[in-house]
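Look through the model below before reading on. The explanation starts with one pair of residues and works outwards.

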Amino acid sequence: MSLATLPQGDWIRGISSRQPYAACILAGAKAVENRPARWRTGWVLLHTSRTTDQPALRIPLIGRTIRGRQLVTGAVVGIARITDCHQDPAGSPLCSEWAHPDA
């Protein structure tokens, strides 16, 4: 086996998200992704893990968004663009109804 160097610009990063969150991103409703660490901006492949967050299916915001959509797991399901990365200051209002404190 040999190691090959990828030319600049010929690869794309990926980000994994559990369903139903990935479906909400692809629907265009969820514009906020909650992560414990910063991500660089740019295009990413949107990959779904093999498991579905079952309790999240009962959240009304998510239920409305995914109604009638197939929840594919364990696959690359689309692309997304990260345009910004920030953390809402403690005690301040969250930037979106999808945002989580300290993420």
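In this predicted model, begin with R13, whose bridge partner in strand 2 is V44. Strand 2 covers residues 42-52, and six bridges join strand 1 to strand 2. The two strands run parallel. In general, the strands of a sheet pair through backbone hydrogen bonds, and the pairing is either parallel or antiparallel.

Now widen the view to the whole sheet. This is an open sheet of three strands in the order 1-2-3, and its pairing is mixed. Strand 1 (13-19) and strand 3 (76-82) are the edge strands, each pairing on one side only. From one strand to the next, the twist averages 40°.

Stay with strand 1 and find S17, which belongs to this strand. Is S17 buried or exposed? S17 has a relative accessible area of 6%, and buried means under 20%, so S17 is buried. Leaving aside neighbours within four places in sequence, S17 is in contact with A22, E33, R35, L46, H47, T48 and S49.

Next, turn to the nonpolar residues. Which residues make up the largest nonpolar core? There are ten: Y21, A23, C24, V32, A56, L61, I62, I66, W98 and A99. Helix 1 (21-26) supplies at least two residues of this core, and helix 2 (60-66) likewise supplies at least two. Another core, of seven residues, lies apart from it; I25, V44, L46 and A80 are among its members. V44 has already appeared above, as the bridge partner of R13, and L46 as a contact of S17.

Two members of the ten-residue core can be followed further. One of them is I62. Leaving aside neighbours within four places in sequence, I62 is in contact with P20, Y21, C24, A56 and W98. Of these contacts, Y21, C24, A56 and W98 are also listed in the largest core.

The other is V32, found in the loop between helix 1 and strand 2. Why does V32 count as buried? The relative accessibility of V32 is 16%, and the cut-off for buried is under 20%, so V32 counts as buried. With neighbours within four places in sequence left aside, V32 is in contact with C95, S96, W98 and A99. V32 and H100 are 68 residues apart along the chain, and their C-alpha atoms are separated by 9.2 Å. W98 appears in both contact lists, that of I62 and that of V32.

Conventions:
Residues numbered from 1 in each chain as written. Predicted model: local features only at pLDDT ≥ 70, side-chain atom pairs only at ≥ 80, totals over all residues. Heavy atoms only, no water. Core = buried A, V, L, I, M, F, W, Y, C linked by side-chain atoms within 4.5 Å. Buried < 20%, exposed > 50% of the residue type's maximum accessible area, 1.4 Å probe, protein only. Helix = DSSP H or I, 4+ residues; strand = E, 2+ residues; numbered from the N terminus. Contact = heavy atoms within 4.5 Å. Pairing = 2+ DSSP bridges. Axes fitted to C-alpha atoms, helices over the stretch in contact; angles between N-to-C directions.
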